[in-house]
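Reader: I've just opened this one and don't know my way around yet. Could you walk me through it?

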Amino acid sequence: MSSSRQASAPESAAALHRPVCELLKCSLPLVLAGAAGPELVAAVTQAGGFGFLGTSEAPPARLREEVLAVRAHTDRHFGAELNPAATEPALLDAQIAACIELRVPVAGLLGALSRTAVRQLREAGVVVACQVSSVSGACEAEGAGAQILIVQGREAGDAVRGAQPLAAILADVLVLASVPVLAAGGIADGADIAAALAAGAQGAVLGAAALQAREGEGEAEGTAPLEKIASASRRLHQLASDAAASLRGRALRFPERVMLSSPVCYADELAPSSKNN
């Protein structure tokens, strides 16, 4: 950490809060990517962040089961990820119908844009976030009705679709975007989160690995679900505290009270750390 004093949870939330938190109904702009199960999603959500269930290949019955499993641990908002480009049309229609029936608050759409999916979800009152990896993709997604853009750099690994590093694609998209932008790809610690926010992103997307137990803090096999949730919640709070500490004294290129419909500022400050190369 860049400060000897660890920020408390309320202090971290105040330092990191961005308008996208109002849209996602969370207190921390820290978003768990969808390769996660119900326990981890519940942990992040209950701790004040926002979690996406990894349901892009799930039949409706399993999607329902996982949504109910999250709700068994928290009553806060969370989302489900869908992948229109890689899903058979009949299954995608069933997944969308299940999300609407279950009143899943937010849907994250991966892969190539489906205007039909965006329209169906928006008409049902579901907030739609689209993952993009190019300026043209961002413009297309926003034009189709996406309310949040998840800008993914090439540091994201196996699932990456674009060739640009996060620093470059994020700066380019922020010039044009008029909806909240989240940064994704190689974000692993508080310093990475702070860099993304300082550059103008309204939040950071974390992989499940960022919330795994550190060396010496491993969870024993068979750990009870509530214990796993508590452990992941502690790690999310630590990331938030580290990010808040790293932001202290930095010149932010982000208007603190920007409206959700207003363009956000950008800077070229976001430089990938060596661990993300």
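Author: Sure, here's a run of short questions and answers, and keep in mind that this is a predicted model.

Reader: Let's start broad. How many helices and strands are in the chain?
Author: The chain has 277 residues, and buried ones make up 52% of them. As for the elements you asked about, the count is 10 helices and eight strands.

Reader: In what order do the strands close into a barrel?
Author: Eight strands take part, and their pairing is parallel. From one strand to the next, the twist averages 25°. Going round the barrel, the order is β1-β2-β3-β4-β5-β6-β7-β8.

Reader: Zooming in on one pair, which residue in β7 does Ile 150 stand opposite?
Author: Look at β6, which covers residues 148–152, and β7, which covers residues 181–184. These two strands pair in the parallel sense over four bridges. In β7, the residue opposite Ile 150 is Leu 182.

Reader: And at about what angle does helix α7 run to β5?
Author: Helix α7 takes in residues 135–144, and it lies across both β5 (127–132) and β6. Relative to β5, the helix runs at about 165°.

Reader: On to the inside. Which residues of the largest nonpolar core touch the most other members?
Author: In soluble globular proteins, nonpolar side chains tend to be buried together. Here the largest such core has 67 residues. Helix α10 (residues 225–247) gives the largest share of this core, eight residues. The ones touching the most other members are Leu 149, Leu 170 and Ile 193.

Reader: How many residues are in the other core?
Author: It lies apart from the largest one. Val 20, Cys 26, Ile 148 and Ala 184 are among its members. Its size is 16 residues.

Reader: Back to Leu 149: which residues does it touch, not counting those up to four places away in sequence?
Author: Some of its partners come before it in the chain: Cys 130, Val 132, Ala 138, Ala 141 and Glu 142. The rest of the list is Val 173, Ala 177, Val 179, Pro 180, Val 181 and Leu 182.

Reader: What kind of aromatic pair do Phe 50 and Phe 52 make?
Author: A search of the whole structure turns up one aromatic pair, and this is the one. Phe 50 is buried at 0% relative accessible area, and Phe 52 is buried too, at 3%. Their ring centres are 5.2 Å apart with the planes at 75°, and planes over 60 degrees apart get a name of their own, so the pair is edge-to-face.

Reader: How many disulfides does the structure hold?
Author: Take Cys 21, whose closest cysteine sulfur is in Cys 26, 4.2 Å away. A disulfide needs the sulfurs within 2.5 Å, so that gap is too far for a bond. Both cysteines count as buried, Cys 21 at 1% relative accessibility and Cys 26 at 11%. The number of disulfides is zero.

Reader: One last spot, Ile 187: is it buried or exposed?
Author: You'll find Ile 187 in the loop between β7 and α9 (190–199). Its contacts beyond four places in sequence include Leu 166, Ile 193, Ala 204 and Leu 206. Buried means under 20% relative accessible area, and Ile 187 has 7%, so it counts as buried.

Reader: How many Å apart in space are Ile 187 and Leu 206, C-alpha to C-alpha?
Author: Along the sequence these two are 19 residues apart. In space, C-alpha to C-alpha, the separation is 6.0 Å.

Methods:
Residues numbered from 1 in each chain as written. Predicted model: local features only at pLDDT ≥ 70, side-chain atom pairs only at ≥ 80, totals over all residues. Heavy atoms only, no water. Core = buried A, V, L, I, M, F, W, Y, C linked by side-chain atoms within 4.5 Å. Buried < 20%, exposed > 50% of the residue type's maximum accessible area, 1.4 Å probe, protein only. Contact = heavy atoms within 4.5 Å. Phe/Tyr/Trp six-rings, centres within 6.5 Å; stacked < 30°, edge-to-face > 60°. Pairing = 2+ DSSP bridges. Axes fitted to C-alpha atoms, helices over the stretch in contact; angles between N-to-C directions.
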